[in-house]
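Student: I should like to go through this structure step by step, with a reason for each answer. May we begin?

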Amino acid sequence: MNSALSTAGAIPLVIPVFIPHEGCPHSCVFCNQHRISGIQGKPLSADDVTRITRTWLERDRKKNRCRVQVAFYGGSFTGLALSRQQELLAAVLPFIRNGAVQAIRCSTRPDSIDAVIVNFLYARHVRVVELGGQSLDDSVLQNSRRGHSAADVVQASTMLKNAGMELGIQLMVGLPGQNFSSLRGTTDQVVSLAPDFVRIYPVLVVAGSGLARWYKRGEYRPLTLTRAVLQTAWMKKKLMAAGIRVVRMGLQPGRDLEKALLAGPYHPAFGELVNARLMLQQTRKLLSGVGPGQKVLIGISNRDLSVFKGIRQANIQRLTRLGLFDRFTLQTDPQQPRGTMKLITPD
Ligand code: SF4
C-alpha cells in the first residue's frame, strides 16, 4: 500500500474478550487476572462474546478497519475443554462470515499446545497465538510456579509457526530468581525462535497473588522502575535488531490494576519510558565523537519527537547535564523509521 494513501482504516482493531484464569491449571505466582482485568463473576457465555464483539464493532464503525480480530485474553485458552473452546470460537463465526472480523487470536500456555489443538484452532479461524513464555530459564520458570519448561516454549512455538500461525511470545522482567544472565539467555533463545512479535511485562506485586505473600514475608523484592526500564530496553534493542516486533511493554494501565498493586515497577506509560531510554542511548552514541564546540545534525522521525524529549523532558534534562544538548540540532524526517536516529551529513 502507498503509505501516502494509508488511513486510520489500516490500523488493525483487536477486540479483547477476557476469560480470566479460564483454562489455567493453577495460578502462576505473579498472576491475578481477576484483579488486573477487574473482571469477577461467572465465566462469559457465547452471548457475552457476541455482545462484546458487536459493541466494539459498533463503536469503531466509522473507522472502516481493514483488519479486525477478536482476541481471547487473560486465561489459557487451549487449556479449556474443546467444547468450551468451540463454544467461544463459534460465537465469533457469524462476524467472520459477514466479513466484519477477519481472524481470531488467543493467549495460552506453551504446555497446552499440541498438534490436535493447533489443527482445531486453525480450522476455526484462529490465526494468531500468543504464548505466555515469560522466561526460557527452567529455574526461573520453576521459581515462578509456571508448571512448564523452556522446552515446552520451544516446542509449542515451532508447532505454531509450522502450522502457519502468527506467533507472539510474552516475556517478563523481574521474575523470582531472574538475573541479567538469565535474561540474556532467554532473549537469545527467543531470537532463535523468531516469533512475529513479543510483549514484555515487568513483574508487579498484585494483591491476592502468590508473590504478594512472598513480598509481605520479605521473600521477594521487585525491580525498581529504573532497572525494569533498563532491562526491558536492553531486550527490546536485541529483539528489534533481530527483526522481531515488540508490540507492548508494561501492563495496560487502569484503575483496577492500580487498586490491586502492592509494589513493583508500575508506570502508566512504561513503554514510553523504555522508548525514551532507547532514544537517549542512541543520541549519546551518535554524539560520542562530537567534542565541545562542535555541532551535528541528527535526523529522527517527526512522530518520535515527544519520545525523544522523554516524559517531562527527562531526556533533554539528562543531555543538558551531560553537556551534550548544545552539540546537535534535530531534524525531523517523516521517512525516518520510528525509533531510529541518524547523523545527517551536510551536502
Ligand atoms: S500467567 Fe497465564 S497461565 Fe499463569 S495463571 Fe496467569 S493467565 Fe494463567
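Student: Where does R221 lie?
Tutor: The model is a predicted one. In it, two helices flank R221, namely α8 (210-216) and α9. The place of R221 is the loop between α8 and α9.

Student: Is R221 buried, partly exposed or exposed?
Tutor: R221 has 13 C-beta neighbours inside 10 Å. A residue is buried at 20 or more such neighbours and exposed at 12 or fewer. The count for R221 therefore makes this residue partly exposed.

Student: How many Å apart in space are R221 and V205?
Tutor: In sequence, R221 and V205 are 16 residues apart. Taken from C-alpha to C-alpha, the distance in space between R221 and V205 is 9.3 Å.

Student: Which strands does helix α9 lie across?
Tutor: Helix α9 covers residues 225-241. Its direction makes about 170° with that of β6. The strands that α9 lies across are β5, β6 and β8.

Student: What is the strand order of the open sheet of 7 strands?
Tutor: Strands of a sheet pair through backbone hydrogen bonds, either parallel or antiparallel. In this open sheet of 7 strands the pairing is parallel. The order is β1-β2-β3-β4-β5-β6-β8.

Student: Which strands stand at the edges of that sheet, and why is one side of each left without a neighbour?
Tutor: An edge strand has a single partner strand, so one side of it has no neighbour in the sheet. Neighbouring strands here are turned by 20° against each other on average, direction ignored. The strands at the edges are β1 (13-18) and β8 (245-249).

Student: Why is β5 largely enclosed by the rest of the structure?
Tutor: Strand β5 spans residues 166-173 and pairs with β6 (residues 197-202) in the parallel sense over 6 bridges. With β4, too, β5 pairs in the parallel sense over 6 bridges. β5 is largely enclosed because the number of its 8 residues that are buried is 6.

Student: Which residue of β6 stands opposite M172?
Tutor: Bridges tie individual residues of the two strands together: I169, for example, has V198 in β6 as its bridge partner. For M172, the residue opposite in β6 is Y201.

Student: Which residue in β5 stands opposite G132?
Tutor: G132 belongs to the pairing of β4 (126-134) with β5, which is parallel. G132 is also one of the residues that surround the ligand. Opposite G132 in β5 stands Q170.

Student: How many residues of the shell around the ligand are charged?
Tutor: The ligand is surrounded by H21, C24, S27, C28, C31, Q33, G75, S76, R109 and G132. Of this shell, 3 residues are nonpolar and 6 are polar. The number of charged residues is 1.

Student: What is phi of H125, a residue that is not a glycine?
Tutor: H125 is placed in the loop between α4 (115-123) and β4 (126-134). H125 is partly exposed, with 19 other C-beta atoms within 10 Å. Its phi is positive, at about 75°.

Student: Is Q313 buried or exposed?
Tutor: Q313 lies in the loop between α12 (305-309) and α13 (314-321). Its phi is near 60°, a positive value in a residue other than glycine. Because Q313 has 12 C-beta neighbours inside 10 Å, it counts as exposed.

Student: At roughly what angle do α2 and α3 cross, and what is the handedness of the crossing?
Tutor: The axes of α2 (residues 46-59) and α3 (residues 82-97) come within 8 Å and cross at roughly 35°. In α2, A46, V49, T50 and T53 meet residues of α3, including L88 and F95. The residues of this contact comprise 7 nonpolar, 2 polar and 1 charged. The crossing of α2 and α3 is right-handed.

Student: Which strands are at the edges of the open sheet of 3 strands?
Tutor: This sheet has the order β11-β10-β12, with mixed pairing. Each edge strand pairs on one side only. The edge strands are β11 (328-332) and β12 (341-344).

Student: Which residue in β12 stands opposite I300?
Tutor: Strand β10 (residues 296-300) pairs with β12 in the antiparallel sense over 4 bridges. Opposite I300 in β12 stands M341.

Notes:
Residues numbered from 1 in each chain as written. Predicted model: local features only at pLDDT ≥ 70, side-chain atom pairs only at ≥ 80, totals over all residues. Pairing = 2+ DSSP bridges. Axes fitted to C-alpha atoms, helices over the stretch in contact; angles between N-to-C directions. Contact = placed C-beta atoms within 7 Å. Near = placed C-beta within 6 Å. Nonpolar A, V, L, I, M, F, W, Y, C, P; charged D, E, K, R; others polar. Left-handed = near helix turned anticlockwise from the far one by under 90°.
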